[in-house]
Each structure stands twice: as structure tokens, then as C-alpha cells.
Amino acid sequence: MVLLLTTVSSMYAQDPNFHVYLSFGQSNMEGAAKIEAQDTINVNERFQVLETLDCPNLDRKKGEWYTAVPPLCRCNTGLTPVDYFGRTMIDNLPKDVSVGVINVAVGGCKIALFDKDRYKEYAKTAPDWMKNMIAEYDGNPYGRLVEMAKIAQTKGVIKGILLHQGESNTGDSLWPQQVKVVYDHLLKDLDLEPNSVPLLAGEVVHADQNGVCASMNDIISKLPETIPSASVISSRGCSVLPDNLHFDAEGYRTLGNRYAQKMLTLYGYVPNRDAYAMVLQAPFGFDLENSSIKHGKVEMISYTSKTVGTTRKANVYTPPGYSKDKKYPVLYLLHGIGGDENEWMKGGNPQIILDNLYAQGKVQPMIVVMPNGRAMKDDRATGDIMAKDKVEAFATFEKDLLNDLIPYIEKNYPVLKDREQRAIAGLSMGGGQSLNFGLGNLDTFAWVGGFSSAPNTKAPKELVPNPEKAKDKLKLLWISCGDADGLLPFSQRTHDYLFENDVPHIYYLEPGYHDFKVWKNGLYMFSQQLFKPVDDSSFSKYSVLGQASKTNMNDAKYPQVLPDNRVIFKVKAPNANQVSVKFGKEYNMMKDGAGQWMVTTDPLDEGFHYYVLNIDGAEVVDPSTDTYYGMERLASGVEIPGKDQEFYALKDVPHGNVQEILFASKSTRATRRAFVYTPPGYGTDASKTYPVLYLQHGWGENETSWSKQGHANLIMDNLIAENKIEPFIIVMAYGMTNEVKWGKLNEFDVTRFQTVLVDELIPYIDANFRTKANQDNRAMAGLSMGGYETKLITLNRPEMFSHYAILSGGTYTPEDLEKHQNLKLVFLSSGSKENPEGIKSATSALKDAGINAASYISEGTAHEFLTWRRGLRELAMLLFKE
């Protein structure tokens, strides 16, 4: 996955897909909790332990591999963090990757026991009970760890080191330096590159669990300052034994999982993204120089620029093994507004990134050209870099690139000259240039990438005026940005346009700002895609983060919707013991060391979905989202974007008004509520009257649902602005006048609601709004149960309505409508995942009977609001036509 770490690998055949992890420490790494039944079953054979002792009681021999059924330290020790570290790793890694662990730990020891220069002196002072444990390792636990690690290197590759130690060093401020001594010794003795293997150190029992040694965590937290490749694993919230010194079995499971979550992240995986296990970000060591591999070269070239009228410079990287007898594709890699031809070299180490990728066989051999994108005679990044002439020079560079630089490279280097062998990418201003130039010259570039593209990026319709041509010409279009980058909206708007126009592309969001951490990762991920066969169906798999759901409150980042329509939920509940998110399916969430619970769902259908959180048995709404009445209660909602989302989007058009009304209902002895949409211009012409649509919600919802979840008002506003409909009023009333249990729709008695609607609400509307108060100008429609209500009421009171519409709520037969006079329209619709054939056949039968009937099937959707939004849009364009 990352650097090939051992120079001894030439001596034997290592399996790069066998990942080995060393673990050492004292009692909590040794395992102080009793092994429970759940810990001994369903251990994947891909998770292996290298036995460090002869254990006849376990039928294991020192130096041999076994399936990692505990105990994983000595013959009679307990459960350790390593157990669930390995299990979590296996659950999140590709199926062809195995994990091996080596655990050497001694209860009560100080870190000095693992210092090969000090262990003898320390062991002499140890109590007898500790000397007995040390003796099991022939008096040298460090030596046993190295001995076993060398055996492991004959089979696999060492990928990391796990440490849990510190209780016996509590208060020792020199502990980080002592750990570094051990770490450095391990690297040297195992022929590993400096800083090439991540070290994960776990906190001791935390103060929140009244840890006896909790003060040591302040010292442990400083370890990354001493060892740059080290990370600290939080123990916050991990349950403990009564001694407040050791974790219990559940505490070890949680802590081990946290070790794994961090290690997975370091190696480029996104934990709990179990639909596919793949590297989604640059792994640990990707930008560290490796002395044991071949390296490419970087040279500065000068070329004559007729565009600028001067000689200009660029850096050119040629790959390891470069030969003038071979022809190469070319990547043109552009810098930002404050940089020049050296910016990538100074901040990004592209030569190291690419060298490492070549060594791992992950990139095609290519030449990389890093020019100065400021095409003017004095192209230095000095003075006011935002000056008008300097900004304009970045646009001028398009001509310099096409007419001067590319011809120079093709004349002086052995390059392939067709468009499919030419790529362009850049950061910030260079990202905008890359999108502008690449998408504007599809006959020149087939591979285009923008990292954190700046405001110079053209508006989407200018970038891709012909989506069909872009689909045909582009091999890959890559757009990436950090989630905390202030320039994110420029990437977002480009993605939205491409998404809505079905142009294949990778939209890659990651944690980060406007800096080289993000841009280096962009280069690492983008370069691996270049000059190879591509499968655009895999594009949706690439992204570390998702986009915030449009239902989120106050710029909350979660829930996030991934490109493949999976949803990431994240909730802070530090004192909770169990948290889940509940749709139709329930997903258990995982807690991290900061008290955040997180889970990623399966892919969801496009559209709106209700959900609730279950926190220790209490179902509550998510404080990060708006609330919606659904599921017979207030619930949270998440929105999966549809490619046609523009028709219900909030746009800069005239808007109507949705107002709450209260009306007296004698039949129910109550004041009831409804919402009324009046179209734009309703208040300006007191003489104009309007038709009315009575629009009903579904089971478990209420009178707010069509305007809040369904965006009925926005759908109407946009249709009116497009001159696709004549304006009309919509009335949305609460239809649940008696209790209906889910699945018992046939027991619903519509009589009470029919009285409320026909005898009380309609007269109120006609008296208080400027309606065309007659059958010809009155329609009724509803979704799901509201559609069933519509059917019953229109059959019972046919004189009231002339337009009937059922959205996912059943059908009419010709016999139902035999005696209906002045019937102008019957409209039936559903999602394609519901009962489309039933809708089509019912509509055909109505037409054959001479009834004006129409149907609509929402492609790719089921029984949810995107289906009904689309249905309302199609219905609205058919209503009240002369």
C-alpha cells in the first residue's frame, strides 16, 4: 500500500498483501480482561497471530502463524486491544489482504524494558513476578519482538507498530524520548526506512473513568512532537475494571477498534465504508523519500514563447528508467496565483510522490511538465500578485501553453502526441486554468483535473457548453477540494452542473483547507487514474467526504451524502452507550475517542428520507437537520440529490406565498389547520380568481408535508416562471381524522375527513380566497394514503371536483367513473420501483373507456417524495387546461 519498507525483501518472497503489525507494552497490551465467548468465535482466517512462545495448552509453537483466536500475547493472558484491532482491520481491508500481529508485553514494566541498551539493568531491579514473565521471553522481550518480526518479514510487510504502555512511567516527562529510542531501534534492526512505519500509542485509562494513572495521558499526548510518525489513540469512554487501571473486555474492544480506525486512515482507507475497501486518500509515507527505490529526475528547461515575446522556464520530471527510445504521455501540472514553475517542487514534492507510486506499480510512466502559468515578460511571483495585468496573464497562458510550450515539449522529449496521451491539472489558480483550458480544448486534452480551483474557473455553462461532446471526449474529469476551503463553492457549482447534465466525473471532497496537504493528495489520487483504461461507473466510489445534505441546519457538516448515495451520519453523544440511526433499516453507529458516533449507510434512492436517532433506547431527532412531520412524529430528514433537482430548487424567480390558516370544524368540534399556497401576483390584482387544487399528504404526515418535504410551492413558482402552467391555488389540509395503523389502510373510514374537506374547508377557502368556486376549477390529489383519500372522496362526491389525481395511492377503473359528469382529467403516477405496470394498464383502460387519463412513472424512485415531487410537476402542467 505505501512504501516497500524492507531492504531485506530481496532475500525472500514477501507478500505485499500480508500486513504485519508489531505490538508491545505492559499489562493493558498483555490483556487484563477475561476472554469472553464472543471473542473466540467468527475470527476470520485472514487475521493471524505469530506465536511468540511455545504454548502446549493452545497447541501453538513459537514462530508459527495461527488464526488469531485469543489469547494473543502469552499462553494464559487475556483479551487485548490487538484482538479487535485486527478484526476491525480485516473488516475494512480488501478481501485479498491479510493481517498478522505479533504481541510482546510484560505487565507492570517500564518502557526501559524494551530499550535494548537498558533492559538488562532494568530487569535486575524487577520484582520476582515480573522476572518470571520476562524469563518467558528468554530475558529479552525486545529481542523476542525483533526475532519474531524478522520471521514475519519472510512472509509479509511490516505496516505499523502498536504501543500501550505508560502506567509504570506515570509522571516521567522523558517518556516520549524513551519511546523514540525503542522506535528507532526497531526501524534499524528491521531494516525499515526512517519514519516509514506509523506508531500508534494508546492512552492509559482516562480521567473520565477515574483512571489511576490518567495524568500520564498529558505526557503520552506529546509523543507526536518527538516522533512525527506517531499518533495517540484516545481511551476516553473505554470501560474499565474496578481497579481503574485496566480496561474490561468491552473497553479493549473499543480501544482496539480505535487503533484500527486510525491505522486504516493512515493507509488511505475510510473506516466503516464497507461497500468496497479501497484506498481513498494518500496513505502514510506517500510523500517520504525512499532510498531503496529508483528515482526520476527533474530538470529546468527554457523555451521560446512567441505568445509572451520572451524565453520562459518550466520544470520537467522524467520517470525512473526514462529512455529516449520510449514514448511517454504528458501531464501539465500548474501552480497557484502566488507561485511559479517551482511551487510544486517547493511545497508538493511531486517527484517523491510519483517515484513512490512507480515503485508500487500504481502509475503509468509519464513526463510531468511544471510551467509558470503567469504568461508575461516579468512572470515572477513578486509585488501585488493580484494586480490586473498579473491575473490576466494567467488567462494568456492558454495561448502560451498551446502554441509554445506543448510544441517545445513534443520536439525535445519522446512524447505521445495524441490527445488521449495528454493531461492537465493544477492547484488553486492553476486548477481554474486546468478546467478552463482542458475543457475548452477537448481536442488537446483528454484528462483534466482541478484541485481547489479558484474563482478564475469559468461558470459551468461556459466550461461545458456541450455536455454531450464532453462525455464523448473526456477520459477523466477530476474535481477535488478540501471541505474547509473557502473556494469550495467554485468546485461545488461545477460539480452540480456536471451532475445535472450527466457528465461523468470524479467529485472528490476531503478534510482540509487551501494548502498543499490537499493538493498533494489530489496529485496522488489523480495521477493513478491517468493514461489507463477507465470505468466511469467507478467514479462514484471516490471521495473521502460527502456533501452536506440540503436538509442540514446552520451549516452542519453531517449528514453527508457520498457520490454513490451512501450517507455518513455523525452525532456527538459522549456519554451514550449505544447509538443507531433508523430509516426502514437500523444502522448501529461507532463511537470514537472524542465522543462522536459515526456510521455510513447503504446507498439510498434519490430523494427525501425520514430518519430518527436512537440514543440508549430513546428515539430523538438529529440536532444537525431540520425537522419534518413524518413517521407519525417529528423526524429528521436527509436529501439524496436527484439529477433533476432544479425543478424544485429555490431560484431567483417570483415567489408565491404559503400561509397557515385556521378554520372552524363543527364536525370534529375543533379548530383545524391547513396551509394555502397562493401564486406570485396573487395580491396585486384583486379582480383575478384562481382554480384550486386540494393536495393531500401521506400516512404518518400532516398538512406541512407537501410544502416542507415536497417543495410544492417551489415547484409551482418555477413552473409559473417558465410559463408552463396557469397559476392556481393549492390547499393542503390534515387528513388524519381517525387513527390508522400502518398496514391497515383498508380499515380507514374517510367519512369524517370528507365532511371536514367538502363541507367545511372548501366553503372556507371559497369565502376567504379569490377562487373559481365551481367543479370545473377544482381538483383533488394526494400521495399514498392521501391518494386513497382522493379516490374515496372523488367517488363519494363527484360533483365537487373535475380533476382527480392519485400519486402512489392506487388507481381508478372505468367502472368507478361510469356516472361521473364533467370529469376533465384522471392522473395516475408512481415510482418505477413501485407498481408502474399497474399504473400504465389502469391508464390505458381509462383511455379506452373514453376518459381523459394520463400517467407518469418516476424513473429510479420508490415510495418517497422525489416520486411525488415529480408527479406533482407533471400533474400541474395538465390541470385546468381549457
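In this predicted model, strand 29, which covers residues 692-696, runs parallel to strand 30 and is joined to it by 3 bridges. Within that pairing, the bridge partner that Leu 693 finds in strand 30 is Ile 730. Strand 30 also pairs with strand 28, in this case in the antiparallel sense and over 4 bridges, and here Ala 733 of strand 30 is the bridge partner of Ala 674.

Strand 30 itself spans residues 729-733 and is mostly covered, with 5 of its 5 residues buried. In a regular strand the side chains alternate between the two faces of the sheet. For strand 30, Ile 729, Val 731 and Ala 733 lie on one side and Ile 730 and Met 732 on the other, and since all of these residues are buried, both faces of the strand are covered. The two bridge partners already named thus belong to opposite sides of the strand, Ala 733 being listed on the one and Ile 730 on the other.

From strand 30 the path leads back through strand 28 to the hairpin that strand 28 makes with strand 27. Strand 27 (residues 657-665) and strand 28 (residues 670-678) run antiparallel and are joined by 9 bridges; along them, Phe 663 stands opposite Arg 672 of strand 28. There are 4 residues between the two strands of this hairpin, and in it Arg 669 adopts a positive phi near 55°.

Another part of the chain holds an open sheet of 7 strands with mixed pairing, in which the strand order is 3-2-4-1-5-6-7. Its edges are formed by strand 3 (65-67) and strand 7 (230-233), each of which pairs on one side only, and from one strand to the next the twist averages 25°. At one of these edges, strand 3 pairs with strand 2 (residues 47-50) in the antiparallel sense over 3 bridges, and Leu 50 stands opposite Trp 65 of strand 3.

Two helices that pack on this sheet can be followed next. Helix 2, made of residues 81-92, touches strand 1 (18-25), strand 2, strand 4 (98-105) and strand 5 (157-164), and its direction makes about 170° with that of strand 4. Helix 5, made of residues 141-153, touches strand 1, strand 2, strand 3, strand 4 and strand 5, and its direction makes about 165° with that of strand 4.

A further stop is Thr 843, which has its place in helix 22 (residues 836-848). Is Thr 843 buried or exposed? Its relative accessible area is 4%, and because a residue counts as buried under 20%, Thr 843 is buried. When residues up to four places away in sequence are left aside, Thr 843 touches Leu 828, Ala 853, Ala 854 and Ser 855.

These local views belong to a chain whose secondary structure comes to 23 helices and 34 strands, and whose C-alpha atoms fill a box of roughly 100 × 80 × 50 Å along the principal axes. Of its 882 residues, 59% count as buried, while 71% of the contacts with a separation of 6 or more are made by residues 24 or more positions apart. The accessible surface comes to about 34,900 Å², of which carbon and sulfur atoms provide 48%. As for charge, the chain has 92 positive and 107 negative charges, and the mean positions of the two sets are 3 Å apart.

Definitions and conventions: Residues are numbered from 1 along each chain as its sequence is written. This is a predicted model: local features need pLDDT of at least 70, side-chain atom pairs count only at pLDDT 80 or more; totals for chains, interfaces and linings use all residues. Side-chain values use heavy atoms; hydrogens and water are left out. Buried means under 20% relative accessible area, exposed over 50%, partly exposed in between (1.4 Å probe, protein chains only). Contact means heavy atoms within 4.5 Å. Accessible areas come from the Shrake-Rupley method with a 1.4 Å probe; for residues, only the protein chains shown count as cover. Lys and Arg count as positive and Asp and Glu as negative; His and the chain ends are not counted. The place of a charge is taken as NZ of Lys, CZ of Arg, CG of Asp or CD of Glu. Two strands pair if DSSP finds at least two bridges between them. Axes are lines fitted to C-alpha atoms, for helices over the stretch in contact, and angles run from 0 to 180 degrees between N-to-C directions.
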